[in-house]
Amino acid sequence: MAGSVRVSMTVNGAQESADVEPRLLLVHFLRETLGLTGTHVGCDTSNCGACTVHLNGEAVKSCTLLAVQADGAEVKTIEGMGQEGELHPLQEAFWEHHGLQCGYCTPGMIMASADLLQRNPKPSEQEVREALAGNLCRCTGYHNIVKAVLAAAEHPTAGSASPPAPSAEGRESGETVAGQGLGA
Amino acid sequence: MTALDQPPASAPWVGRPIKRKEDPRLIMGRARYIDDINVTGQLWASFVRSPEAHAKITSIDTSAAKHHPGVHAVFTGHDLDLEAPLPMAWVPPGIEVKNPPHWAIAKDEVHCVGDPVALVIGSDRYAVVDAAEQVVVEYDPLPVVVDIEKALEDGADLVHADLGTNQCHEWSLGGGDIEAGFAAADVIVERRVVNHRTAGAAIEPRGVLADYRAGSLTLTSSTQVPHFLRLFLALQLGISEERIRAIAPEVGGGFGSKLQIYGEEIALAWASRKLERPIKWVESRTEGMMATHHGRDQVAYVRIGATRDGKITAFHTRILQDLGAYLMLLTPTIPSLGAFVMSGVYDIPAVQTDIVGVFTNKISTDAIRGAGRPEATHMIEVCIDQLAAELGMDRLELRRKNFMDPASFPHETAIGVVYDSGDYPAALDLLMSHLDLDAIKADAPPGKLRGIGFSTYTEICGLAPSRVTGPSGFGLQTGLWESAMVRVHITGAVTVFTGTSPHGQGLETTMAQIVADRLGTDPQNVEIIHGDTGTGPQGLGTYGSRSTAVGGESVARATAKIADKARQIVAHQLEAAVDDIELTAGKFAVKGSPDKGMTIGEIAGAAYIPENLPDGMEPGLEELAFYDPENFVFPFGAHACVVDVDPDTGNVDVARYVAVDDCGPAINPKLIDGQVHGGIVHAIGQALFERIHYNEDGQLVTSNFADYALPSAADVPSFELDRTETPSPVNSLGVKGIGEAGTIAASPAITNAVIDALRPLGVTYLNMPLSPMRIWEEIQEAKS
């Protein structure tokens, strides 16, 4: 592979490095280089949000970032949110309230919802709907997704269980990305 | 008495809104969709697609692509020596249907944007896309046909020149004396009803992994119909069917768009055999929008006649169906599915549907959620509102006056379709109990026009009774039964193999609830295996709201066989009469002595260590059932939609949506509600936002999710749902389908609400999509 570059990042708490093509999308780095296939791809245009992950504590669409742009960053994917027996409150709530059907949009929905609850621990229904407008679901009609997020917001650790606060450096990197309009 | 007739255990799982069994893997990101599966030695594929809507292929130069680093092969349409063109399986009976050849990769002519013209295979996902861009194709453009009404005019340009016409077929279904019906009418309302083209838009793109090794093919595909896929792979490739295994892995939504045999599935299988390597392809969304079949796309001329006092005397529709460029799996049959329920919930003495199928230079239409029934329901439900306005009669009173009498079920309609059960007044009464119409009107936000719309609907689903649909009935060359195999392990754990292929519906939970009640176990101990032709019995897949009504019933029947055997074993071991053994509190026990009994685990132990079984009984505890329904099932209900229209911008806000649906006794109310929510939003999407648009050159303008507007969470409200439960006499569960009902019911409720809002301005009729621009233009026109 001509002109590969080395990228390193922390993904779900683990240090990861690989030589990649400069054009490799972050979502493909996560899915194919690291095998974290919980993050999905549903469109070519950053509309569907199935690929939503957290980059330095903020939700971004990983199909719209290059892996090299995440060099040095802290990334959290659905695989880092909860385990069997110790699910994240959002995962519990999506399960309890039937907030998913085919499940394809679900990881992105959960990551976007976690971002919302981190910023706004007690959102209104309308705030939930607006926060999730960048994540498309064809199955549920959103009714139970919204219900699940509102229910999770009642949980004492729904917001705090999100990724640890970004470092100053990470924050700067996240803001740079957001400033370039490349994020969510 | 067989176990099928026995009431379930005392505290049944059926009826409970339990959490889904399938969710843990999905919420943790541990599911395996097609793009999550890779195999050793795998290559990647990319298709070169036509940018022209209609053209002769004059040359294809693959040399540069073949030399691109990592490329193993480039194939064109003439390289693929397939046994047959892609299949068209369902044809309306008794008529000539023109079926132009549709090859997996186009050979000499392309007929729509996105038609594949070459297949590039290589070792890297990105490299094959680069190489595909280096395939040089020269086209000689031909005239393009996009408008179905112009396509039928004399001298029109032709999609397929050798057919000599753009008309594919004509088919009619009627009953009663239609001329006498209109002659008896005091009022006749005529409307042109446009039901525009939409995309299924499952969030998971399609994908295929073909793995041909040592004479056998394993094909994994994001499909709703693995068994059909195996059959047609055999026919297309000339591979004996037992050497093919088709697998639907976790499938991320379908909505009918994955009820298809796609050229990519065939081409990858062919190439895998040719190269003896596994090959994978996953579509991009842009590819999907142009090459995954679309739905709807009808122009209908509708006439409804009634007496002055509001008795409907006749209903006639002439439907022009845009078929697109080719007949795919079910394409010409889709509008016919609507014809079966064209008169909706009304007792109309004369009903006639005339269908004309028309070719255009677009991707084919085929089944998308509802498939023909949303279109039919839209026609009758919008036109009954139009009729009410013409008669000066309340639209609900007009509906009530024409509802089929609840005492008349099973009810045979004018066209001879027998509706299984229904109570339409009860559904409407329950709906109205949730609505205070005066208060709703009074609460309109300042400056907005508030409208209320209704839809009272039924639909035909639970596909399907083979006797009705098969060769000597409607004429389809297929049976539509379903199968289930239930295996009780020696530990009492249960594995169920179903021939359905769920992809979001929650069948693993629903079926486990059905089984648990009949064996006295917990749904947690019942695993449902689906979507793999290599593991279970023959099956037919998931579509047409059939998976519970037909697939669930076959599970109930196979489980009943297990329970029958269990009772015999218990009776033998406890020295009691078989008829005295009943399932109580988790045990097959002697009537009146609940302590004297055996659990399913104990019975399985006795069955697998067979030292004390009744004489002649086979060991083991595993049963198979095939179930072919006697009739379709007919869910029904009543929906109401409240909208606020901004007269300055034309924007529509759905303020409230209240729905009453009846799909028989609920197995899992939580899952039923979920199906209705999603169905309604699918219809809101069509009514307000979504439209597949080809321009006059046949270019697809809405080729991605930036241009094709799926509704988001911010575009829709939360819903208020209620249910009536009218059992179907067709199956032992009493159930009807619910996957499509919301979509079938909702588009007329929304349309009627918007028209209701705009009536004060003089706008009395509108076709979808009810975009702000269309509404604003209508308002301006009404003003001038």
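**Strands, helices and the A–B contact**

Colleague: Starting with chain A, in which sense do strand 1 and strand 5 pair, and over how many bridges?

Modeller: In this predicted model, strand 1 of chain A and strand 5 of chain A, the latter covering residues 74-76, pair in the parallel sense, and two bridges hold that pairing. Within strand 5 of chain A, A:Glu74 is the residue that stands opposite A:Thr10.

Colleague: And how do strand 1 and strand 2 of chain A run?

Modeller: Strand 1 (residues 5-11) and strand 2 (residues 14-20) of chain A run antiparallel and are joined by seven bridges, and one of the partnerships is that of A:Ser8 with A:Ser17 in strand 2 of chain A.

Colleague: What does the backbone do at A:Asn12 in that hairpin?

Modeller: The hairpin of strand 1 and strand 2 of chain A has two residues between the strands, and A:Asn12 takes a positive phi near 50° there.

Colleague: Switching to the other chain, how does chain B score on pLDDT?

Modeller: Chain B averages a pLDDT of 97, with 99% of its residues scoring at least 70, and for the complex the predictor gives an ipTM of 0.97 together with a pTM of 0.96.

Colleague: OK, so how many residues of each chain are in contact with the other?

Modeller: On chain A 45 residues are in contact with chain B, and on chain B 45 residues are in contact with chain A. The elements of chain A that give two or more residues to that side are helix 2 (89-96), helix 3 (106-119), helix 4 (125-131) and helix 5 (143-152), and by class the side of chain A that touches chain B has 20 nonpolar, 16 polar and nine charged residues.

Colleague: What's the strand order in the seven-stranded sheet of chain B?

Modeller: The order is 3-5-1-12-9-10-11, in an open sheet with mixed pairing, and the edges are strand 3 (71-76) and strand 11 (244-247) of chain B, each of which pairs on one side only. Neighbouring strands of this sheet are turned against each other by 20° on average, if direction is ignored.

Colleague: Which way do strand 9 and strand 12 of chain B run?

Modeller: Strand 9 (residues 207-213) and strand 12 (residues 279-282) of chain B run antiparallel, joined by four bridges, and B:Ala210 has B:Ile279 in strand 12 of chain B as its bridge partner.

Colleague: Which strands does helix 6 of chain B lie across?

Modeller: Helix 6 (residues 226-237) of chain B lies across strand 10 (216-221) and strand 11 of chain B, and runs at about 145° to strand 11 of chain B.

Colleague: Now the helices, then: at what angle do helix 15 and helix 16 of chain B cross?

Modeller: The axes of helix 15 (residues 507-519) and helix 16 (residues 547-574) of chain B come within 9 Å and cross at roughly 30°, and these two helices are therefore roughly parallel to each other. Their crossing is right-handed, and the residues of this contact divide into ten nonpolar, five polar and one charged.

Colleague: What about helix 16 and helix 17 of chain B, parallel or perpendicular?

Modeller: Helix 16 of chain B and helix 17 (residues 600-608) of chain B pack at an angle of about 80° with their axes 10 Å apart, so they are roughly perpendicular to each other. In helix 16 of chain B, B:Ala566, B:Ile569, B:Val570 and B:Gln573 meet B:Ile600, B:Ile603, B:Ala606 and B:Ala607 in helix 17 of chain B, and that contact has seven nonpolar, one polar and no charged residues.

Terms used:
Residues numbered from 1 in each chain as written. Chains lettered and ligands numbered in written order. Predicted model: local features only at pLDDT ≥ 70, side-chain atom pairs only at ≥ 80, totals over all residues. pLDDT = per-residue confidence, 0-100. Axes fitted to C-alpha atoms, helices over the stretch in contact; angles between N-to-C directions. Parallel < 35°, antiparallel > 145°, perpendicular 65-115°, else oblique. Left-handed = near helix turned anticlockwise from the far one by under 90°. Nonpolar A, V, L, I, M, F, W, Y, C, P; charged D, E, K, R; others polar. Contact = placed C-beta atoms within 7 Å. Pairing = 2+ DSSP bridges.
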